[in-house]
Amino acid sequence: MKRIIGAALLALVCATGATGQESSPPQAATPAEPVTVIHAGTLLAEPGRSPRREASVIVRGRRIAEVRNGYVNIPGARVVDLRDHTVMPGLMDMHVHFRGSLDDRIQARLQASSRDYEDAAFTAQMHAKRTLLAGFTTVRDLGNDPRLVTTLRDAIEGGMFPGPTIVAAGTGISVSGGHGDPRNGQNRDLADIAAQRDINTCNGPDDCRRAVRNQISFGVDVIKIAASGGVLSNVPGGLAQQMMDDEIRAVVQTARSFGRRVAAHAHGADGVNAALKAGVNSIEHGTFTNDETFRLYKQSGAYYVPTLLAPAAALADGRRGALTPAQYQKAQEAAGNAEKSFARAVREGVRIAFGTDAGVARHGDNAQEFALMVRNGMTPAAAIRSATVDAAALIDRSNSVGTIAPGKDADIVAVRGDPLADVRLLENMQFVMKHGRVHKLGGERQLTEVD
Ligand SMILES: [Zn+2]
């Protein structure tokens, strides 16, 4: 092995010598980055603006190098023919949970005490791959074990296996007894064990500062809080505000001091409004609203991440007996209001970022959210924009993702036909490229060097 590397180095030195560039360091002779040219019949480079016809996207290595008119050819480049497709930036889901899934919940009662972190890690890897192949090249994981999700994020980024870029929240911070308390739904022996591993509950502003710093010490990118009750925590008591105003303010201030943004799970209008007043960056679910809610959305500039798929999935679970009575009661309350609040948010011009809460619904079905958004008053163009341009702004990564432009990450997807006319075409993703690697082509999975 050493001899082969030695021979390769010698060859490099000779090559440099031969061109008369003795002073060049050896790395100057590293092989050129692979070049791919995508021939796009329709190019939706910046969703929300008009698409252009017959364009070429030139990808060098992991980045977009150039966008040109017409179908250009470059010697030595791989050509991907998408002339009957609409090519657009990779989709972004601002609310997933890679660790969990619907199937898990049904299995949970049988094997609750036998599943451990190692099982969850493999499950999460499978969900990440499925999500990428559905066309989602970036996600926020808003609730997962912080060690598991940061390891998953770094392993994908390091090219160990395929998956979307992950913006990770670690474990959502909750008040004791609240939506994210790990003791919820456990028998009391297991609850005692859960209490020993409690890394995410807090009570009072000081304690909530500690909880935020604790998550940050695991290397998370964003802070998630449960400002109100939640549907799937196995506790009765509704969906109202649980984290108090002073606690939410302490969370936001502490997160900011570390350059982190805050995503607030909130269903009840009191919880939504308190979180908006405290300055969170996004409201997750935002099920119940009142006039004040919409004033606050606009004043604060916060994003609303609707997750319309989640209540629909939870309700279906409840109907087939897969939820506890406490969960089912809350699922019924939420489902009726989520779409109503969404429709008004569209009318009022609230900033909306696409999110599904996948893990409640099935991972890989994320694009089904688009049809729910359009059914409730959003245009397909605006819905696609919410999953690209707007999502990128929410996570402060507009300089690397969200549009197809020179210098940005080559995260590019395509569907056959016109998704601006029929948004459900996005459920049938034909082409997926992430960081310049083609993971799906002609609707078929492609093996890459990271598979
Ligand atoms: Zn969630």
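**Close-ups of a predicted model**

**View A. Asp396, a loop residue with positive phi.** Asp396 sits in the loop that runs between α14 and β12 (412-416). Keep in mind for this and every other view that the model is predicted. The phi angle of Asp396 comes out near 60°, a positive value in a residue that isn't a glycine. As for the surroundings, Asp396 counts as exposed because its relative accessibility is 53%, and the cut-off for that label is over 50%.

**View B. The zinc ion and its three donor residues, His95, His97 and Asp357.** Two of the donor atoms are NE2 nitrogens, from His95 and His97, and Asp357 brings in an OD oxygen. These contacts to the zinc ion fall at 2.1 to 2.3 Å. Written as a sequence pattern, the donor residues go H-x1-H-x259-D. What does that spacing do for the chain? His97 and Asp357 link distant parts of it, being 260 residues apart. His97 belongs to the loop between β5 (91-96) and α2 (102-111), while Asp357 comes from the loop between α11 (325-348) and α12 (368-375). Both His97 and Asp357 are buried.

**View C. Asp357 again, this time for its backbone.** Here we stay with the zinc donor Asp357 in the loop between α11 and α12. Asp357 is not a glycine, yet it has a positive phi of about 65°. Is Asp357 buried or exposed? With 8% relative accessibility, Asp357 counts as buried, since the label needs a value under 20%.

**View D. Thr388 and its contact with Ile384.** Thr388 is found in the loop between α13 (380-386) and α14 (389-394). Its relative accessibility is 0%, so Thr388 counts as buried. Where does the side chain of Thr388 reach? It goes to the backbone oxygen of Ile384, at 2.8 Å.

**View E. Phe136 beside Leu91.** Phe136 is part of strand β6 (residues 136-141). Phe136 is another residue with 0% relative accessibility, and therefore counts as buried. Along the sequence, Phe136 and Leu91 are 45 residues apart, but in space their C-alpha atoms are 4.5 Å apart.

**View F. The one cavity that turns up.** Searching the whole structure gives one cavity of 30 Å³ or more. The volume of this largest cavity is about 50 Å³. Its lining includes Pro89, Gly90 and Met92, the pair Thr137 and Thr138, the run Ser400, Val401, Gly402 and Thr403, and also Asp409 and Asp411. Sorted by class, that makes three nonpolar, six polar and two charged residues. Domain 2 (32-89 + 406-445) and domain 3 (91-394) each put at least three residues into the lining of this cavity.

**View G. The second largest pocket.** This pocket has a volume of about 460 Å³. How many residues line the second largest pocket? There are 24, and those nearest its centre are Lys434, His435, Gly436, Arg437 and Glu449. Among the secondary structure elements, α4 (146-157) and β14 (437-441) each supply at least two lining residues. β14 gives the most, with three. The class split of the lining is nine nonpolar, nine polar and six charged residues. As in the cavity view, domain 2 and domain 3 each contribute at least three residues to the lining.

Definitions and conventions:
Residues are numbered from 1 along each chain as its sequence is written. This is a predicted model: local features need pLDDT of at least 70, side-chain atom pairs count only at pLDDT 80 or more; totals for chains, interfaces and linings use all residues. Side-chain values use heavy atoms; hydrogens and water are left out. On a 1 Å grid over the protein atoms alone, a cavity is a set of points where a 1.4 Å probe fits but cannot get out, and a pocket is an open set with protein on both sides within 12 Å along at least five of seven lines; lining residues have an atom within 4 Å of a point. Grid points are joined across faces, edges and corners, and a volume is the space filled by probe spheres set on the points. Ala, Val, Leu, Ile, Met, Phe, Trp, Tyr, Cys and Pro count as nonpolar, Asp, Glu, Lys and Arg as charged, and the others, Gly among them, as polar. Domain bounds come from an automatic or database domain assignment. Donors are N, O and S atoms within 2.8 Å of the metal (3.2 Å for Na, K and Ca); water is not among the atoms, so sites may look incomplete. Helices (H or I, at least four residues) and strands (E, at least two) are DSSP runs, numbered from the N terminus. Buried means under 20% relative accessible area, exposed over 50%, partly exposed in between (1.4 Å probe, protein chains only). A polar contact is a pair of N or O atoms within 3.5 Å; within protein, one must be able to donate a hydrogen and the other to accept it, and residues adjacent in sequence count only if both atoms are side-chain atoms.
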